[in-house]
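Q: Please take a close look at one part of this model and describe it step by step for a first-year student.

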Amino acid sequence: MNSPHPDLNAFFDQQLSAEDADAVRTHLADCAQCQRELHALMQLDARVESLEARRPKVWTRVVPLVALAAVALLGVFFASRETPVTPVAPVVQLASARQLDARVSWREGDVWRPYEPSRGVQGSDSVSMTTLAALEASG
Amino acid sequence: MRGGLHIVRGDDSVLREHRDVLRRYALRLCRNPTDADDLVQDTLTRALAAWATLKPGTDTRAWLLSILHNVFIDSCRKQKQLGTKVSSELAHDLPAPQPEVEPRWAQITNAEVATAIDSLDPSFRDVYRLHARGEGYDSISRSLGIPKITVGTRLTRARKKMRALLFGEEEES
């Protein structure tokens, strides 16, 4: 069997010049094979067009998926977010106002020492810094 | 003829429903709105005359497209004989071909067509789907970033592959 006219698809898709299209029409007048081919092209395209018309548009399928993905991502984001550290009240209470003072006002004061400045407080249980410094110097 | 009269007097929605499809295909064949309208008019006239012969369960659109095809081929023959375009009056003088849907097209289900489309190579499938949605070669070329000539090649190959899948026809290289 011979091949159908090489321009038949282009003719059907309106891609030929007017002159070439006329040549195909003239050919179609006598060529039974090309007539069948054209009929098949018409039937096939009509079926596919009909199916595509029923198929939901891309955006109607994509938008819900995107929305779902966005909600899921937000959920994951909030779930994995670090819980803000709330100040532990007992720790604050345990620290004396003096220690906190020292930590805030003098960087080097923010170290642990086995003694604490008395700062003129009388009657405290702690030993005065002067005494402790003298003891330390004497070894 | 009784069937045709029934349609004209009563429910002609069947034909109106398919008129747009017929006109679209007529334009693809004639490329001229006036000739396309004449072709659709002749098609509907013959459809009305043959309405009684339409077998129950026949795909009406496929049947109408077959008539459109026959009328168009008639006009090609007449045009060739006269060396000019055929007028609608001359077309009426031609022997009316028996409008029949080729059985194999009537038997194919939408599910089979859908499966065949899904089986296509994605590069062919995308082109064919866009074309089936009414996109032209230029638009498809821009959308997919491929040359216009490639659109035509892929479209032709997609159709051949579809027919091979649906009917087992051999694909020509």
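Of the 173 residues of chain B, what percentage count as buried? Please begin there, and then examine the packing of helix H3 of chain A with helix H4 of chain B.

A: The model discussed here is predicted. Of the 173 residues of chain B, 45% count as buried. The accessible surface of this chain comes to about 9300 Å², and carbon and sulfur atoms hold 49% of that area. Chain B contains 10 helices and zero strands. Among the contacts in chain B with a separation of 6 or more, 58% involve residues 24 or more positions apart.

The helix pair may now be considered. Two packed helices are described by the angle between their axes and the distance between the axes. Helix H3 of chain A covers residues 32-54, and helix H4 of chain B covers residues 60-82. The two pack at an angle of about 145 degrees, and their axes are 10 Å apart. The crossing of H3(A) with H4(B) is right-handed.

On the side of H3(A), the residues in contact include Leu38(A), His39(A), Met42(A) and Ala46(A). On the side of H4(B), they include Leu65(B), His69(B), Phe72(B) and Ile73(B). Sorted by class, this contact has eight nonpolar, six polar and three charged residues.

One of the residues in this contact, Phe72(B), leads to the aromatic rings. Over all chains, the count of aromatic pairs comes to four. Phe72(B) forms one such pair with Phe11(A), with 6.3 Å from centre to centre and 25 degrees between the planes. This pair is stacked, because planes under 30 degrees apart count as stacked. The pair crosses between chains, since Phe11(A) lies in helix H1 (residues 8-12) of chain A and Phe72(B) in helix H4 of chain B. Phe11(A) is buried, with a relative accessible area of 1%, and Phe72(B), at 2% relative accessibility, is buried as well.

Helix H4 of chain B also carries Trp63(B), whose partner Trp51(B) lies in the loop between helix H3 (33-50) and H4 of chain B. The ring centres of Trp51(B) and Trp63(B) are 5.7 Å apart and their planes stand at 70 degrees, so the pair is edge-to-face. Because of these positions in loop and helix, the pair ties together parts that are 12 residues apart in sequence. Both Trp51(B) and Trp63(B) are buried.

Notes
Residues numbered from 1 in each chain as written. Chains lettered and ligands numbered in written order. Predicted model: local features only at pLDDT ≥ 70, side-chain atom pairs only at ≥ 80, totals over all residues. Heavy atoms only, no water. Axes fitted to C-alpha atoms, helices over the stretch in contact; angles between N-to-C directions. Helix = DSSP H or I, 4+ residues; strand = E, 2+ residues; numbered from the N terminus. Left-handed = near helix turned anticlockwise from the far one by under 90°. Contact = heavy atoms within 4.5 Å. Nonpolar A, V, L, I, M, F, W, Y, C, P; charged D, E, K, R; others polar. Buried < 20%, exposed > 50% of the residue type's maximum accessible area, 1.4 Å probe, protein only. Areas by Shrake-Rupley, 256 points an atom, 1.4 Å probe, with all protein chains shown as cover. Phe/Tyr/Trp six-rings, centres within 6.5 Å; stacked < 30°, edge-to-face > 60°.
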